[in-house]
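Q: I should like to learn how to read the general features of a chain from its model. Could we take them one at a time?

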Amino acid sequence: MEQFTPLSALIGGALIGLSAVMLLVFNGRIAGISGIFDGALRLHTRGLGWRLAFLAGLFAAAPLLALIGNDLPNVSSGASTWAMIAGGLLVGFGSRLGSGCTSGHGVCGIGRASPRSLVATATFMAAAIVTVFVSRHLLGA
Amino acid sequence: MIQIVFALVSGLLFGAGLVISHMVDPAKVLAFLDLAGDWDPSLALVMGAAVAVFFVGYRAAMRMDQPVFAPHFEIPDRRDFDRRLIGGSILFGVGWGLIGLCPGPALADLTLAPQSVLLFVAAMIAGIGLFHLLPKPAPRIAQAAASGAVDA
C-alpha cells in the first residue's frame, strides 16, 4: 500500500463531486462523461454547446494546473497495441450500451441512490476486478 | 450562453479532480482494481468523496423548482434492470480492467499524455459508433413485459 495517496484522492474526489453538482444546479444535467462525449460526437443540434464546453474544460484542466505550478502525474501504460484497441472498443461500446460509466453511474447515479446505477457500478467494478486478476495473475500479462 | 460558461467550469473542475487524484494514470486505477496485488485503495476514496459531495448537492438541487439556467432538470428516471444495463456494464468493466482507462481520464489524458491514449480514444469512438449501429431497443413498456415473461 505504499502508493496510497488518501489526501489527494479525497481532494480530487470532492472536486469531481463539486463539478457534478455545478452541472446539475446550474444546467440541470447529469455529469456522465460517456453520455456527454457521445452527444458531442453525434453533433446533437440541441445541447451541443454545453457538451463541447464541458469537454473543453476537461481538456484544459491538466495544462492549466501545470501553468499554476502543479506537478502533473505520470501517465503510464504498459498495454499492447491490441489491448489498447480492445479496451477502447469495450469501454466505448459498453458504456453506451449500459447507459453510463464511472461518472454517470458510479458518481452521480450512486449519489442519487439510483437502483440501476448501483447495479451497473457493482457489475462493472466486479468485471474490472476479475479482468485485472485474470490478466495479471492468471495470464501474467 | 450562460450554460456554456458553467459547463466549461464544471468540465475544468472534473478534469482537475481527475488530475489531482491521479486517476488520469491507468497504473493508479489498475492498482485499485488489483485486489490480489499491492492494493492501492485511493480510487475508493476518490469515488467516496465525489459521491458524498454529489449526494448532498443532489438533495439540495431537488428542492429547487428548476435549475438556475435551464427550464428543468434532465435526470434519468428508469428503474428497470435490463440486459443492456448488465451486459453493457460487463463489457465496460472488462475494457476498464484491461487498460485502467474509462472515458473521463482517457479524454483528460489527451492533453496530458496524448501519445499514451490516442489509440484508446480512437477505439473508444469506434466503440460508441458500433453501439449506434445496434437496432434501437423496443419501447420501454413492451420491453418490460417481454423481459418479465422471459427472465423472471
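Q: What share of the 152 residues in chain B is buried?
A: Burial is judged by relative accessible area, with under 20% as the cut-off. In this predicted model, buried residues account for 46% of the 152 residues in chain B.

Q: Which secondary structure does chain B have?
A: One counts helices and strands, then reads their order. Chain B has seven helices and zero strands; from the N terminus on, its elements run α-α-α-α-α-α-α.

Q: How does the radius of gyration of chain B stand against that of a compact globule of 152 residues?
A: The radius is set beside the value expected for a compact globule. That value would be near 15 Å for 152 residues, whereas chain B has 19 Å. Along the principal axes, the C-alpha trace of chain B spans about 45 × 40 × 30 Å.

Q: How many residues of chain B are in contact with chain A?
A: An interface may be read by residues and by area. Here 106 residues of chain B are in contact with 102 residues of chain A. The area buried between the two chains is about 9,600 Å², with carbon and sulfur atoms giving 77% of it. In chain B, the residues that lose the most area to chain A are F14(B), F54(B) and F92(B), together 8% of what that side buries.

Q: Where do the charges of chain B lie on average?
A: One compares the mean positions of the two signs. For the 9 positive and 11 negative charges of chain B, these positions are 10 Å apart.

Definitions and conventions: Residues numbered from 1 in each chain as written. Chains lettered and ligands numbered in written order. Predicted model: local features only at pLDDT ≥ 70, side-chain atom pairs only at ≥ 80, totals over all residues. Heavy atoms only, no water. Helix = DSSP H or I, 4+ residues; strand = E, 2+ residues; numbered from the N terminus. Rg over C-alpha atoms; globule rule 2.2 N^0.38 Å. Buried < 20%, exposed > 50% of the residue type's maximum accessible area, 1.4 Å probe, protein only. Lys, Arg positive; Asp, Glu negative; His and termini not counted. Charge placed at Lys NZ, Arg CZ, Asp CG, Glu CD. Contact = heavy atoms within 4.5 Å. Buried area = accessible area lost by both parts, 1.4 Å probe.
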